[in-house]
Number of protein chains: 2
Amino acid sequence: MFAAQLDLTSATATGMHNRHGDGSSVAEQRLPSATVRRLIAKEHVFCEGDDREQVFQVEEGVIAVYKTLPDGRRQIIDFAYPGDLIGLGILDEHVLSAQATVPSKVKCLSAAALERIAESDARLALKLYKSVCHELAATRSLLITVGQRSAIERVCAFLVALHRRTAGAESATVDLAMRRSDIADLLGLTIETVSRTLTKLRTMGVIDIAQGGTRVQLCDLARLTDLANE
Amino acid sequence: MFAAQLDLTSATATGMHNRHGDGSSVAEQRLPSATVRRLIAKEHVFCEGDDREQVFQVEEGVIAVYKTLPDGRRQIIDFAYPGDLIGLGILDEHVLSAQATVPSKVKCLSAAALERIAESDARLALKLYKSVCHELAATRSLLITVGQRSAIERVCAFLVALHRRTAGAESATVDLAMRRSDIADLLGLTIETVSRTLTKLRTMGVIDIAQGGTRVQLCDLARLTDLANE
DNA sequence: CCCGCCTGTTACACACTCTTACAATTCGTC
DNA sequence: GACGAATTGTAAGAGTGTGTAACAGGCGGG
């Protein structure tokens, strides 16, 4: 959900200057002032089947976006970090669920208002388009990881992606702001395999694990990238 | 790539009626008249790294959109059927490759022209947005299949999806317009497992295979859907 | 018409990952 | 600071899926 980092404020601001000949005066409307919701760990932002009344922008924490099979198996589609938008779509119902992995904050936006404005504001519509394009790229990348890579390659790819996404280039440390089970459900592995693999990487000297298993130091980023088979 | 079935002609036609205050007269331009390209089986539409000069709309046949790892492993992201758009994105280079699985025809459209028009035409931009949303939904669905389902569930899910996508509700037959290796690379399995699983489904009486393994009759669609764990 | 190539199928041994069970750690509470 | 519950980590057997390889069938070229 990398590109979902659009600045909605500026998008709607420019939208106000557009003029259309198709009679859509709704372009003049501003997005209603957004409210912020605080979430505790494991609390849901929305669930599959809920009315899609709102779209959310992550402000703090991490939100896991996932889908569950009838028998309970869960596939996490993406982790959303601050700046990312979740809940975009074209249906009236959410087709995915979203829950915080750690205490988080999300900005709540009216889905109807956002999409009404986009109908006449090409810039906003294009921003939404590009956001979803980035999200698509991330999902494809995960699909390749899950479809083709081995357990160790998956974990390495995850760590590298997490590093690119959350850490500055200078820092070689990533914060695992989620449980082993979340990582397992993202990568299509089990908790135990994730655990084993992290231990193996530590034994190999590629990473170091601290703070009760939540903080990972990437000792050898080049090796890690290589192991990920990127 | 289901929703990529947008009617570009109408989109650009309505685009001609828009008026914008930001000085973008490019909205007046029409999309250059599209040329049609014929492809033989296995011929590439574009490759990863190619300049993204064109976007393509499938007219006939099936196009496999895929990505390869450095060591040659291949993950097919999606099969594109007539009406689907391929090559959309935000970068100047293609990040994926696309090749025909059977003799096909694609309409070639200028990517630059399409995206230039979208900059001032909210309707076209919104259509692109919705197209990518549908593509995203399909990719997510595949991710769940590959990440969580067993071999037999994957094959069943593939057959059900193919049926929904290509066959009318009345017909219980699907045409496998691709090789076993293509299905394997889509589902994250090996050729052998795909072959074994299809045989198993035939033995179970759920499907029947005809025409040299290219045509599959879904004898028990309910059972098939159940086996897919949808 | 025969031959060779490509694709698809089947068999078997192995490797990987999963399941189960148990140990260790962390966190909340007293 | 200590206890107990919940979560996480580790170890060993079980199962699934994979790779190798051999064989069958279809298609096109010689």
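Biologist: In what order do the four strands of the open sheet in chain A stand?
Modeller: In this predicted model, local features need pLDDT of at least 70, side-chain atom pairs count only at pLDDT 80 or more, and totals for chains, interfaces and linings use all residues. Residues are numbered from 1 along each chain as its sequence is written, chains are lettered from A and ligands numbered from 1 in the order in which they are written, and side-chain values use heavy atoms, leaving out hydrogens and water. The pairing in this open sheet is antiparallel (two strands pair if DSSP finds at least two bridges between them). The order is β1-β8-β3-β6.

Biologist: Which strands of chain A stand at the edges of that sheet?
Modeller: An edge strand has a single partner, so one side of it is left without a neighbour in the sheet. That describes β1 (35-39) and β6 (85-86) of chain A.

Biologist: Which residue in β6(A) is the bridge partner of Phe56(A)?
Modeller: Strand β3 (residues 54-60) of chain A runs antiparallel to β6(A), and two bridges join them. Strands of a sheet pair through backbone hydrogen bonds. The partner of Phe56(A) in β6(A) is Ile86(A).

Biologist: How many helices and strands does chain A have?
Modeller: Helices (H or I, at least four residues) and strands (E, at least two) are DSSP runs, numbered from the N terminus. For chain A the count is seven helices and eleven strands.

Biologist: What percentage of the residues of chain A count as buried?
Modeller: Buried means under 20% relative accessible area, exposed over 50%, partly exposed in between (1.4 Å probe, protein chains only). Chain A has 230 residues. The buried part is 52%.

Biologist: Is Val146(A) buried or exposed?
Modeller: Val146(A) sits in helix α3 (residues 122-148) of chain A. Beyond residues up to four places away in sequence, Val146(A) touches partners in both chains, including Leu186(A) and Val146(B) (contact: heavy atoms within 4.5 Å). Its relative accessibility is 3%, so Val146(A) counts as buried.

Biologist: How far apart in space are Val146(A) and Leu186(A), C-alpha to C-alpha?
Modeller: In sequence, Val146(A) and Leu186(A) are 40 residues apart. In space, C-alpha to C-alpha, the distance is 8.5 Å.

Biologist: Which element gives the most to the surface near DNA strand D?
Modeller: A residue is near a strand if one of its heavy atoms lies within 4 Å of it. Here α6 (191-203) of chain A and α6 (191-203) of chain B each supply at least two residues. The most, four residues, comes from α6(A).

Biologist: Which side chain has an N or O atom 3.2 Å from a base oxygen of DNA strand D?
Modeller: Of the strand D atoms within 4 Å of the protein, 66% belong to sugar or phosphate and the rest to bases. Side-chain N or O atoms lie 2.8 Å from a phosphate oxygen for Arg180(A) and 2.5 Å for Thr193(B). The base oxygen is paired with Arg196(B).

Biologist: Which element gives the most to the surface near DNA strand C?
Modeller: A phosphate oxygen of DNA strand C is 2.9 Å from an N or O atom in the side chain of Arg180(B), and another such distance, for Ser195(B), is 2.8 Å. The elements giving two or more residues to this surface are α6 of chain A and α6 of chain B. The most, four residues, comes from α6(B).

How values were computed
A polar contact is a pair of N or O atoms within 3.5 Å; within protein, one must be able to donate a hydrogen and the other to accept it, and residues adjacent in sequence count only if both atoms are side-chain atoms.
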